Amino acid sequence: MVPRRPAFVPDESGLLFASFAAEARLSKRKDRMAAAVQDLKNLADRAVAEIAACADDAALEAARVRYFGRRDGAVTQATKQIATLPASEKPAYGAAVNEARARIEAALESRGAALRGAKVDQGLGEREDVTLPGRPVRVGRLHPVSRAIRDVSRIFGTMGFETVEGPEIETDYYNFEALNIPPGHPAREKWDTLWVSNPLGDDPKMPLLGRTHTSPMQVRIMEQRKPPIRVVVPGRCYRYEATDAIRESIFFQYEGLAIDEKLTMADLKGVLYSFARQYFGSQHNVRFRPDYFPFTEPSAEIAFSCVICEGKDPQCHTCGGDGWIEAAGCGMVHPAILRRVGYDPERYQGFAFGGGIERLAMLKSRAPDIRMLYQNDLRFLESF
Ligand code: DAH
């Protein structure tokens, strides 16, 4: 009889076979792993050599992409591979990938540094010649008018006058009435100006105008302060005026005011002569003559000798041929004005003066025509 084979008998030979097979598989896998690790080493060797031979930035960048490019870089691919391996193989393979990455990164880094260094060396060869003369710096300067304003402030400052400023847009009251020039007074014709409309509404009792002189500040200052007063007021003025060699419709004046006990015409003359000496130097002639202004009594006019023709040219455009240039009006402050601001004229006297800033600037810079100051021609302005 045929012996019946039990349904389930462990088949030794089969078992044996299975274990051989497993072993075989195992050793095959080990071989594969060793090969893979070796491949990575070869890859890194090749990469290091390649990178060391890169001649420029573009070649180096191409090498970086070849190994670390996001999608197809060789090291990137190997890294992705790690995740697909059985747990037992991950450490060895992973370590090999890391080593390859570190070697290639170091090679990229050192080649990059070498190329940068070479570039700097090259640049050093093209270095600028630091011994060449530099580009000239154009130094600015003050406009002759600005300089005259500063000189006026400085010189009167040495005599105790404080510089203050006042509004360019004035009321009719301060520009005229408070200075003894009521409506209809003939002096108004001499000082015609631009009238200004107030965007917030005009007050018929207080018409506004571009001030025709800095004299309104005499009254404003006296209203605000108590004697003794010594101020000088430089500022822009406006007049309805035909422009010529010595007149502009927009121009600058300086006003002076001194109020104290026992002030006389002698003080006024002393201050103005001292100013002329300091501004022009001693060689300049000064003329003092009686004049008329509604807000001073007595009044005078101060004139400087013409620096352009020195009185020798009867055709001179600047002085009109008489050798003198009117520089300032002046006088003793009218008692009616002192009374109007509440000062007692028996106790306080004052002197005032007002002159054109451009005239001073012209005389100093020897500009024969006031308009030259405002044409912004650098050839003229740079010559001072
Ligand atoms: N304000 C006068 C003008 O513009 C000049 C002047 C004259 C000013 C006499 C004064 C003065 O202070 O006392 O022509």
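**Notebook: ligand shell, helices, backbone outliers**

I looked up the ligand first and found it surrounded by His213, Ser215, Glu255, Phe293, Thr296, Ser299, Gly329, Cys330, Gly331, Ala352, Phe353 and Gly354. A residue enters this list if its C-beta atom, placed from the backbone, lies within 6 Å of the molecule. The model is predicted: local features need pLDDT of at least 70, side-chain atom pairs count only at pLDDT 80 or more, and totals for chains, interfaces and linings use all residues. Residues are numbered from 1 along each chain as its sequence is written.

I sorted the shell by residue class and got 4 nonpolar, 7 polar and 1 charged. Here Ala, Val, Leu, Ile, Met, Phe, Trp, Tyr, Cys and Pro count as nonpolar, Asp, Glu, Lys and Arg as charged, and the others, Gly among them, as polar. I then checked the strands: β8 (296-305), β9 (324-333) and β10 (349-356) each supply at least two shell residues. Strands (E, at least two residues) and helices (H or I, at least four) are DSSP runs, numbered from the N terminus.

I went on to helix α11 (residues 357-365), where 7 of 9 residues are buried. Buried stands for 20 or more other C-beta atoms within 10 Å of the residue's own, exposed for 12 or fewer, and partly exposed for in between, with C-beta atoms placed from the backbone. The buried set is Ile357, Glu358, Arg359, Leu360, Ala361, Met362 and Leu363. Arg366 follows α11 and has a positive phi, near 55°.

I looked for other positive phi values outside glycine. Asn180 has phi near 65° and sits in the loop between α6 (172-175) and α7 (187-190). Asn180 is partly exposed, with 17 other C-beta atoms within 10 Å. Glu310 has phi of about 50° and lies in the loop between β8 and β9. Glu310 is exposed, with 12 other C-beta atoms within 10 Å.

I checked omega for cis peptide bonds. One joins Pro227 and Pro228, with omega about 0°; Pro228 is in the loop between α8 (216-224) and β5 (229-238). Another joins Glu297 and Pro298, with omega about -5°, and Pro298 is in strand β8.

I looked up one helix pair: α5 (residues 144-158) and α9 (residues 265-280) pack at about 130°, with axes 10 Å apart. That makes α5 oblique to α9. Axes are lines fitted to C-alpha atoms, for helices over the stretch in contact, and angles run from 0 to 180 degrees between N-to-C directions. Angles under 35 degrees count as roughly parallel, over 145 as roughly antiparallel, 65 to 115 as roughly perpendicular and the rest as oblique.
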